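Here are some exercises to help you find your way around a new structure. Try each one yourself, then read on through the solution.

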Amino acid sequence: MSTPLNLSRVFKLLVVVLFFQSVHSQLQVGFYTTSCTLAETIVKDEVQKAFFRDPGVTAGLVRMHFHDCFVRGCDASVLIDSTSSNTAEKDSPANNPSLRGFEVIDKAKARLEAACRGVISCADIVAFAARDSIVLTRGLGYDVPAGRRDSRSSKASDIPGNYLSRHSMSTTSLNFSQTRVSHKKKWLLSLDPSLDPAYAAQLKQQCPQGNTNANLVVPMDPASPIVTDASYYAGILKNRGLFTSDQTLLTNPATANQVKHNARIPLLWKKKFSAAMVKMGQLEVLMGNAGEIRANCRAINS
């Protein structure tokens with residue numbers, strides 16, 4: 001059984017990091033136009049099929065892109081399997097068992113290798129899949145600059161400090177764009193006293209004291225659990241943020257104003273979010289002769 005995802009905080013570092021980090025890449029929109037015409041179409045088809053089987057997988061694919069890019073850049077290192085001599089990123093506690101969507105990437109890669117052997121990088125597949133996931137969940141589409149190459153290493157030890165694990169909480173992490181494509185979240189925390197009483201009562205019913213069901217889940221965003229929208233911010237204004245760190249947004253004037261602005265003009269939030277995704281996808285990319293084009297996204301080429 002797959003583990004439900006927590007995307008309410010996947011992008012808590014996104015905007016501030018992108019603001020301070022300059023991006024110097026020469027990725028190109030339409031990079032595979034001549035070398036593999038159907039590249040993006042094939043990835044989109046696999047994401048769609050996965051979405052129809054399990055709408056929550058789209059959250060996993062967006063989160064995968066984030067977790068890939070924020071550790072040594074967007075290089076598909078998060079896809080590499082561990083070996084007897086190395087624990088890879090995917091098996092870090094920050095990723096295992098919560099990160100999912102690997103099988104979607106595998107299927108897309110297999111089809112792409114059959115159509116255009118050795119052409120499409122795993123890193124680009126992840127970037128395309130994240131964009132397609134956002135579109136499928138009613139977010140705004142965007143062109144994905146491509147031309148990334150894949151890394152030849154992946155170490156769990158590279159992860160600490162690069163992104164938030166599911167247990168991280170920080171009042172400084174509340175500035176940032178957040179996506180609402182998450183499906184459900186395991187009940188791990190006690191009730192926040194600032195919660196709306198009606199919402200708190202609902203959660204108590206869903207997650208009774210003494211529960212021993214390890215697979216009990218609750219929607220993180222009841223208003224739109226599988227939609228990429230700004231309803232998260234409207235929920236915060238109603239004191240319906242599931243986490244203490246969510247409600248902390250309202251304790252700082254600057255972040256409180258952002259919450260109100262995003263809730264009031266949701267289309268503008270969608271535009272900013274899509275733009276941030278494009279920028280994130282260009283962090284520390286490998287290009288030219290750097291890295292490789294993996295034949296199997298789970299293992300470096302021999």
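## Getting your bearings

The chain's secondary structure comes to ten helices and two strands. Keep in mind that this is a predicted model.

**Exercise 1. Work out the order of the helices and strands along the sequence, and how much of the chain is buried.**

Solution, step by step:

- Start at the N terminus and read along: the pattern is α-α-α-α-α-β-α-β-α-α-α-α.
- Next, look at accessibility: of the 302 residues, 51% count as buried.
- Now check the contacts between residues with a separation of 6 or more: 80% of them come from residues 24 or more positions apart.

**Exercise 2. Find out how confident the predictor is, and where pLDDT stays under 50.**

Solution, step by step:

- Take the whole chain to begin with: pLDDT averages 83, and 80% of the residues score at least 70.
- Then look for weak stretches. Over residues 15–23, pLDDT stays under 50, and the model has 13 contacts beyond four places in sequence for them.
- Residues 165–189 also stay under 50, and here the model has 112 contacts beyond four places in sequence.

## A site from the record

**Exercise 3. Locate the residues that UniProt lists for "binding site", and say how far they spread in space.**

Solution, step by step:

- Pick out the residues first: the unreviewed UniProt entry lists Asp68, Val71, Gly73, Asp75, Ser77 and Glu89 under "binding site".
- Then check the spread. They cover 22 residues of sequence, yet they cluster in space, with a largest C-alpha distance of 12.6 Å.
- Zoom in on Asp75, which sits in the loop between helix 3 (57–69) and helix 4 (102–115). Its relative accessibility is 2%, so Asp75 counts as buried.
- Beyond four places in sequence, the contacts of Asp75 include Asp68, Arg149 and Arg294.
- Move on to Glu89, in the loop between helix 3 and helix 4. With 0% relative accessibility, Glu89 is buried because the cut-off is under 20%.
- Among the contacts of Glu89 beyond four places in sequence are His67, Val71, Ser77 and Lys155.

## A buried charge

**Exercise 4. Arg149 is buried: which side chain of opposite charge is nearest, and how far away is it?**

Solution, step by step:

- Find Arg149 in the loop between helix 5 (122–136) and strand 1 (185–186).
- Look for an opposite charge. The nearest such side chain is Glu292, 7.1 Å away, and Arg149 has no salt bridge. That is because a salt bridge needs the nitrogen and the carboxyl oxygen within 4 Å.
- Now look for a polar neighbour: the backbone oxygen of Gly291 is 3.4 Å from a polar atom of the Arg149 side chain.
- Finish with the surroundings. Leaving aside neighbours within four places in sequence, Arg149 touches, among others, Cys74, Asp75, Ser121, Met287 and Ile293.

## Bridges across the chain

**Exercise 5. Count the salt bridges, then trace three of them and see which parts of the chain they link.**

Solution, step by step:

- The count comes to 15 salt bridges.
- Take Arg111 and Asp45, whose closest N and O atoms are 2.6 Å apart. This pair links distant parts of the chain, since Arg111 is in helix 4 and Asp45 in helix 2 (residues 39–53), 66 residues apart.
- Check how accessible the two are: Arg111 is partly exposed at 32%, and Asp45 is partly exposed at 27%.
- Go on to Glu292 and Arg152, which meet at 2.3 Å, N to O. Glu292 is in the segment after helix 10 (266–280) and Arg152 in the loop between helix 5 and strand 1, 140 residues apart.
- In this pair, Glu292 is buried, at 7%, whereas Arg152 is partly exposed, at 46%.
- Then try Asp196 and Arg240, with 3.2 Å from N to O. Asp196 lies in the loop between strand 1 and helix 6 (197–206) and Arg240 in the loop between helix 7 (231–237) and helix 8 (244–247), so this bridge ties together parts 44 residues apart in sequence.
- Asp196 counts as buried at 19%, while Arg240 is partly exposed at 37%.
- One last step is to look for shared partners: salt bridges join Asp45, Glu46, Lys49 and Arg111 into one network.

Definitions and conventions. Residues are numbered from 1 along each chain as its sequence is written. Side-chain values use heavy atoms; hydrogens and water are left out. Helices (H or I, at least four residues) and strands (E, at least two) are DSSP runs, numbered from the N terminus. Buried means under 20% relative accessible area, exposed over 50%, partly exposed in between (1.4 Å probe, protein chains only). Lys and Arg count as positive and Asp and Glu as negative; His and the chain ends are not counted. A polar contact is a pair of N or O atoms within 3.5 Å; within protein, one must be able to donate a hydrogen and the other to accept it, and residues adjacent in sequence count only if both atoms are side-chain atoms. Contact means heavy atoms within 4.5 Å. UniProt positions are given in the numbering used here, feature names are shortened, and annotations may be inferred rather than shown by experiment. pLDDT is the predictor's confidence in each residue, from 0 to 100.
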